[in-house]
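The following exercises concern a protein chain whose sequence and coordinates are shown below. Each task is followed by a solution in steps.

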Amino acid sequence: MQLTGLDLSIIAAYMVAVTTIGVLLTKRAAKSLDSYLLGGKTLPWYFLGLSNASGMFDISGTMWLVTIGFVYGLKSIWLPWLWPTFNQIFLMVYLSAWLRRSNARTGAQWLVTRFGTGTGANLSHVVVVVFALISALGFLAYGFIGLGKFVELFVPWEVVQPYLGIEVSPEYVPHLYGIVFTLVAVIYTVLGGMTSIVLADVLQYTIMTVSAVVVAVIAMLSL
C-alpha cells in the first residue's frame with residue numbers, strides 16, 4: 001500500500017500537534033509535582049476516560065485481535081471480556097475514587113496509605129517499583145516492535161533510505177521506525193507531564209473514532 005500526500009500530511013500534522021501540546025504545557029507542568037504527575041487534579045473526568053480508552057488501543061493489540069479472529073472466528077469477541085473489560089470498569093468505578101482520596105501520586109506512594117510504614121511495607125514498596133519498571137519496559141517492547149513493523153508496511157525502507165543516507169539491516173528497520181515514533185511520545189510526555197499525555201490521548205481517540213467510521217463506510221460500500 002502506498003501512502004498519498006494526504007496520508008503523509010495527516011501523520012505529520014499529528015506528530016506536530018502532540019509535540020506542540022507538550023511544549024505549550026511545559027510551564028503548567030513545572031508548577032508542582034501534582035501539576036506534573038496528576039495534571040493539577042483539574043482534568044475533567046471525561047478527558048480521563050477518553051485517555052484511558054485511547055490507551056487500550058495499540059497496533060500490537062490490534063494485530064493480536066485480528067489474529068484470534070482468524071483462529072477462533074466470531075467467538076473470539078468473548079476473549080477481551082476475560083480481563084480488559086471488567087478490569088477497566090472496576091478501576092474507574094472503585095479504585096479511581098480510592099486512589100484520589102489517598103492523595104498519593106504514584107502506586108508505590110499509595111502503599112503507605114494501604115500498608116503504613118515498616119519492614120513489610122518497605123519491601124512491598126520495592127516490589128511495586130521493580131514491577132512497574134519491568135511492566136513499563138515490557139509494554140514499550142510490546143508496542144515498539146508492533147509499531148515498527150506496521151510502519152514498515154506503509155513506509156518501505158527502500159523509499160526512505162536514499163533521503164537519509166544511512167544503511168540499516170532489514171531486520172532492524174522496524175526498530176528504527178519504533179525509535180522515531182517512540183521519541184515523539186517521550187518528548188510530549190516529559191515536557192507536559194500528565195496533562196499533555198491526557199490531551200494527546202484525547203486527540204488520538206478522536207482520530208481513531210473518525211478513522212473507524214471512515215473504514216466502516218468504505219467496507220460497507222465495498223461489500
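**Exercise 1. Contacts and overall build**

Task: Determine what share of the contacts in the protein chain with a separation of 6 or more comes from residues 24 or more positions apart.

Solution. Residues 24 or more positions apart supply 68% of the contacts in the protein chain that have a separation of 6 or more. The model is a predicted one. Next, the secondary structure: the protein chain has 10 helices and zero strands, and from the N terminus the order of elements reads α-α-α-α-α-α-α-α-α-α. The C-alpha trace spans about 60 × 45 × 35 Å along its principal axes. Finally, the surface: 21% of the 223 residues count as buried, and the protein chain exposes about 15400 Å², of which carbon and sulfur atoms supply 74%.

**Exercise 2. An aromatic pair**

Task: State how many aromatic pairs the structure holds, and classify the pair formed by Trp157 and Tyr177.

Solution. The count is four aromatic pairs. A pair of aromatic rings is described by two quantities, the distance of the centres and the angle of the planes. For Trp157 and Tyr177 the ring centres are 6.4 Å apart and the planes stand at 75°. The centres must lie within 6.5 Å for rings to pair, and planes over 60 degrees apart count as edge-to-face; the pair of Trp157 and Tyr177 is therefore edge-to-face.

The next step places the two rings in the chain. Trp157 belongs to helix H9 (residues 157-164) and Tyr177 to helix H10 (residues 173-222), with their positions 20 residues apart, and the pair links distant parts of the chain. Both Trp157 and Tyr177 are buried. Elsewhere, ring pairs join Trp45, Tyr46 and Phe47 into a cluster.

**Exercise 3. Packing of H8 and H10**

Task: Describe how the axes of helix H8 (residues 119-154) and H10 cross, and analyse the residues in the contact.

Solution. Two packed helices are described by the angle between their axes and the distance between the axes. The axes of H8 and H10 come within 7 Å and cross at roughly 105°. Angles from 65 to 115 degrees count as roughly perpendicular, so H8 and H10 are roughly perpendicular to each other.

On the H8 side, the contact is made by Phe144, Ile145, Leu147, Gly148, Lys149, Val151 and Glu152. On the H10 side, the residues are Val173, Pro174, His175, Tyr177, Gly178, Ile179, Phe181 and Thr182. By class, the contact comprises nine nonpolar, four polar and two charged residues. Tyr177, named in this contact, is also the partner of Trp157 in the edge-to-face pair.

**Exercise 4. Individual residues**

Task: Assess the exposure of Leu203, Ala12 and Lys41, and give the surroundings of each.

Solution. Leu203 sits in helix H10. Partly exposed residues lie between the limits of 20% and 50% relative accessible area; with 28%, Leu203 is therefore partly exposed. Apart from neighbours within four places in sequence, Leu203 is in contact with Tyr14, Ala17 and Val18. The C-alpha atoms of Leu203 and Tyr14 are separated by 8.6 Å, although their positions lie 189 residues apart along the chain.

Ala12 is in helix H1 (residues 5-24) and counts as partly exposed at 39% relative accessibility. Ala12 and Leu82 are 70 residues apart in sequence, and their C-alpha atoms are 37 Å apart in space.

Lys41 lies in the loop between helix H3 (33-38) and helix H4 (45-55). Its phi is near 55°, a positive value in a residue other than glycine. At 29% relative accessibility, Lys41 counts as partly exposed.

Technical notes: Residues numbered from 1 in each chain as written. Predicted model: local features only at pLDDT ≥ 70, side-chain atom pairs only at ≥ 80, totals over all residues. Heavy atoms only, no water. Phe/Tyr/Trp six-rings, centres within 6.5 Å; stacked < 30°, edge-to-face > 60°. Helix = DSSP H or I, 4+ residues; strand = E, 2+ residues; numbered from the N terminus. Buried < 20%, exposed > 50% of the residue type's maximum accessible area, 1.4 Å probe, protein only. Axes fitted to C-alpha atoms, helices over the stretch in contact; angles between N-to-C directions. Parallel < 35°, antiparallel > 145°, perpendicular 65-115°, else oblique. Contact = heavy atoms within 4.5 Å. Nonpolar A, V, L, I, M, F, W, Y, C, P; charged D, E, K, R; others polar. Areas by Shrake-Rupley, 256 points an atom, 1.4 Å probe, with all protein chains shown as cover.
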